[in-house]
Amino acid sequence: MTKMNREIVIAEALGLLDEVGLDAVSTRRLAKRLGVEQPSLYWYFRTKKDLLAAMAEAAMAPHATQPLPTPDDDWRTWFLENTRSFRHTLLMRRDGARLHAGSTPTGDLERLRHKFEFLVTSGVPEREAVMAMLATSRFTLGSVLEEQADPGLDDSSDLPTDLPRIDHDSAFESGLGLLLDGLVHRIQTGEPTTDT
């Protein structure tokens, strides 16, 4: 029997995720992997939803431990690098985007506040800073969801010949550039973000 603690359960659950995918992750399979009875998992996680939330938070550790922006950083460069780090972290796990989608940040709220404050201090209006972070987060999640759902996009041999051949990295970078350009334009022209 494996000596267990919360961190071991999460680590083994993420290993199981990488092996079988999100749809096949179950507490029964996880208990078997750990060599324990299924009810013993409830000592650490009352529901599967609690387990998935802990897995999502742990899976974000590479992004969550990146250095926070400093006052000397160029906000545009940081904005791009922060978004790329988020994408890279999602791609590190099988079904990483699906695991993360809908999760609520709990452990990194101070980091999020710091990032927003950095953008505002750098001259990005508060409303635009919030919407830019939200838009890039959703854009990144959607991009990675598509990439992980159909890893064959890079092999575009089945596409009609008149469609451009774009790989996942290029498509992501192009979309990210458009988001940043739109944000810069909005700041320069003073156009407010509209509430919809």
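How many salt bridges does the count come to by the rule used here? The count comes to 11 salt bridges, where a salt bridge is a side-chain nitrogen of Lys or Arg within 4 Å of a carboxyl oxygen of Asp or Glu. Before we meet some of them, a word on the model. It is predicted, so local features need pLDDT of at least 70 and side-chain atom pairs count only at pLDDT 80 or more, while totals for chains, interfaces and linings use all residues. Residues are numbered from 1 along each chain as its sequence is written, and side-chain values use heavy atoms, with hydrogens and water left out.

## Salt bridges

Side chains of opposite charge can pair when their charged atoms come close. Here are three of these pairs.

| Salt bridge | N to O distance | Helices |
|---|---|---|
| E12 and R33 | 2.7 Å | E12 in α1, R33 in α2 |
| E173 and R84 | 2.8 Å | E173 in α9, R84 in α5 |
| R113 and E110 | 2.6 Å | both in α7 |

Helices here are DSSP runs of H or I with at least four residues, numbered from the N terminus. Let's take the pairs in turn. Because E12 lies in helix α1 and R33 in helix α2, their salt bridge ties together parts that are 21 residues apart in sequence. E12 and R33 also belong to a network of salt bridges that includes E19.

How open are these side chains to the outside? Three words help: buried means under 20% relative accessible area, exposed means over 50%, and partly exposed lies in between (1.4 Å probe, protein chains only). E12 is partly exposed, at 27% relative accessible area, and R33 is partly exposed as well, at 31%.

The salt bridge of E173 and R84 links distant parts of the chain, 89 residues apart. E173 is partly exposed with a relative accessible area of 32%, and R84 counts as partly exposed at 28%.

R113 and E110 make a local pair: they are 3 residues apart in helix α7, about one turn of the helix. An α-helix has 3.6 residues a turn, so residues three or four places apart point the same way. Is E110 buried or exposed? At 58% relative accessibility, E110 counts as exposed, whereas R113 is partly exposed at 42%.

## The nonpolar cores

Now to the inside. In soluble globular proteins, nonpolar side chains tend to be buried together. A nonpolar core is a set of buried Ala, Val, Leu, Ile, Met, Phe, Trp, Tyr and Cys residues joined through side-chain atoms within 4.5 Å. The largest nonpolar core has 21 residues, and V9, L30, L41 and L99 touch the most other members. Helices α1 (6–20), α2 (27–34) and α3 (48–59) each supply at least two residues of this core, and α1 gives the most, with 6 residues. Apart from this core lies another one, of 15 residues, among them W75, F172, L176 and L183.

V9 is a good place to start looking. Contact means heavy atoms within 4.5 Å. Leaving aside residues up to four places away in sequence, V9 touches M4, L30, L34, L41, Y44, F45 and L51.

One of these partners, L51, brings us to helix α3. In α3, L51, A54, M55, A56 and A59 are buried. What covers the buried residues of α3 includes α1, α2, α4 (61–64), α5 and α6 (96–100).

## Aromatic rings

A pair of aromatic rings is described by the distance of the centres and the angle of the planes. Rings of Phe, Tyr and Trp (its six-membered ring) pair if their centres lie within 6.5 Å; planes under 30 degrees apart count as stacked, over 60 as edge-to-face and the rest as tilted. By this rule the count comes to 3 aromatic pairs.

The rings of W78 and F118 have centres 5.4 Å apart and planes at 70 degrees, so this pair is edge-to-face. W78 lies in helix α5 (residues 75–91) and F118 in helix α7 (residues 109–121), 40 residues apart. W78 counts as buried at 10% relative accessibility, and F118 counts as buried at 6%.

F139 and F172 form a stacked pair, with 5.3 Å centre to centre and 15 degrees between the planes. F139 sits in helix α8 (residues 126–149) and F172 in helix α9 (residues 168–189), 33 residues apart. F139 counts as partly exposed at 24% relative accessibility, while F172 counts as buried at 2%.
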